[in-house]
Amino acid sequence: MRVLIAEDETVQRRLLERLLTGWGHEVVVASDGQQALSLLREANHADLAILDWMMPGADGPAICRELRKGKGHAYIYIILLTARDRKQDLLEAMEAGADDYLAKPFDAQELKVRLNAGKRVLDLQEQLVSANRSLQFQAAHDPLTELYNRGAIVGILQNELLRAARERKPVSIIMADIDHFKQINDTRGHSAGDAVLRRAAERMQASVRSYDAVGRYGGEEFLIVFPGCSARMAKERAEQIRLILGEPGPSPAEPPITVSMGVASASNPTQGEDMLSCADDALYRAKRNGRNRVELSPEKCAGMEPLQLPLLSESN
C-alpha cells in the first residue's frame, strides 16, 4: 500500500517511515501541510495518509476537509495522529473527514492494526468500484461481441445528432447486415455463427476512428455512427470496412464475411429514428441488388424531417 506520512517533527517522521517501510508499504513523506495536500492531489497519490494534527502550512483537519471536498477522485483513507486525546478532539477529527485517530505517543502494533483496517476498507472500496464499472459495461454492451448494445448505440446517435445541430456539422451512419447469416447457423451451427459475429465486430471496431461508435443493432445487424462525416466520406468508409470484413478468416475453415450496408447522412437537425429508417431502406436496397455491397440513402430520404431546435444566442 502507498502511504503518505505528513509530520513536521523529524524524529517522529523518520520513526514512522522506518516502521511502515519495514511492514512492506511504499512511503511518501511530507514535512508540512501544504506539501502533504499537494502530494495527495497528484494523480498517483497515496492510498492512505497519516497526518499530524498540528503542522505548518495546513493542519491535519484542514487537509481532511480539503480532500473531502473533491469529487470523482479515488478515496484516501486518513489517520490523524495527535497528542490530543479528548472526546471533543476525536469528534472534531471525524467531522473534518478523518477515518481514524491515533493519540501520541502511539504504539507501533496499534498503528499496524489500524493500517491493516484501513487497507481492508480500501480493498472493499476498490471491489465496489470494479463491480460498478462491470455493471455499467454490461448495461451498455452486447455480451457476445462486447460492442455497444442497441439501446446504447441509439443513445449515442441521438447525442451526436444534438451536438451536430449545435455545431452545424454532419453525422453519418452505416447499417450493416451479414449476408446469409441464417445459412451459417443452419449449416455450421450457432457456435460458428457466434464466431462470425465476434470476428465481424472486432474488424469493424478496428476499422473506425477512436471517436466513432460501433454497436450490435440486433441479430446479425450492426450500426456504426460517424460524427462529423459527410455522406461521401461515410460511403467510402463503408466500402473500406466491407473489404476488410471480406478478407479471409484466421483459418481455412472460417470463410470470408460478406455484408450488405446502407449509409445515411444528415447535415441538418434530424430525428434519429428517421435516420435509422433511411439507413435501413438503403441496406435492404443493397440486399435486393445482389448483397455484399454499399448503398447510399438519398439526400432527402422520406420521413427525414428537420427537428425544430431553438437557436442559441451568442450570449448563451
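Start by selecting Glu295: its relative accessibility is 13%, so it counts as buried (buried means under 20% relative accessible area, exposed over 50%, and partly exposed in between, with a 1.4 Å probe and protein chains only). Before you click further, note that this is a predicted model, in which local features need pLDDT of at least 70 and side-chain atom pairs count only at pLDDT 80 or more, while totals for chains, interfaces and linings use all residues. Residues are numbered from 1 along each chain as its sequence is written, and side-chain values use heavy atoms, with hydrogens and water left out.

**Stop 1: around Glu295**

Turn on the cartoon and you will find Glu295 in strand β10, residues 294-296. Helices (H or I, at least four residues) and strands (E, at least two) are DSSP runs, numbered from the N terminus. Now show side chains and add Asn289: its side chain and that of Glu295 make a polar contact at 3.1 Å. Such a contact is a pair of N or O atoms within 3.5 Å; within protein, one must be able to donate a hydrogen and the other to accept it, and residues adjacent in sequence count only if both atoms are side-chain atoms.

Which residues is Glu295 in contact with, leaving aside its neighbours within four places in sequence? Select Met261, Gly262, Val263, Ala282, Arg285, Ala286 and Asn289 to see them. Contact here means heavy atoms within 4.5 Å.

**Stop 2: Ala286 and helix α10**

From that list, pick Ala286, which sits in helix α10. Is Ala286 buried or exposed? Its relative accessible area is 0%, so Ala286 is buried. Draw a C-alpha to C-alpha distance to Ser260 and you should read 5.7 Å, although the two residues are 26 apart in sequence. Beyond neighbours within four places, Ala286 is in contact with Ser260, Met261, Arg291, Arg293 and Glu295.

Stay in helix α10 and select Ser277. With a relative accessible area of 35%, Ser277 is partly exposed. Its C-alpha atom is separated by 15 Å from that of Leu161, which is 116 residues away along the chain.

**Stop 3: the loop between α10 and β10**

Next, select Arg291 and Asn292 as a pair. Arg291 is in the loop between α10 and β10, and Asn292 lies in the loop between α10 and β10 as well. Look at the backbone here: Arg291 has a positive phi of about 65 degrees although it is not a glycine, and Asn292, also not a glycine, has a positive phi of about 50 degrees. Arg291 counts as partly exposed at 33% relative accessibility, and Asn292 counts as partly exposed at 31%.

**Stop 4: Ser267**

Move to the loop between β9 (259-266) and α10 (272-288), where you will find Ser267. At 58% relative accessibility, Ser267 counts as exposed. Add Lys169 to the selection: these residues are 98 apart in sequence, yet their C-alpha atoms are 6.2 Å apart in space.

**Stop 5: Thr145 and Pro105**

Thr145 is your next click, in the loop between α5 (108-140) and α6 (150-167). Thr145 counts as buried, with 11% relative accessibility. Its side chain makes a polar contact with the side chain of Asp142, at 2.7 Å. Not counting residues up to four places away in sequence, Thr145 touches Leu197, Ala201 and Arg216.

Then go to Pro105, in the loop between β5 (100-103) and α5. What kind of peptide bond joins Lys104 and Pro105? The bond is cis, with omega at about -10 degrees.

**Last stop: zoom out**

Show the whole protein, with its 10 helices and 10 strands. The C-alpha atoms fill a box of roughly 85 × 60 × 25 Å along the principal axes. The radius of gyration is 29 Å, whereas a compact globule of 316 residues would have one near 20 Å; the value is taken over C-alpha atoms, and the globule rule is 2.2 Å times the number of residues to the power 0.38. Of the 316 residues, 42% count as buried. Among contacts with a separation of 6 or more, residues 24 or more positions apart account for 65%.
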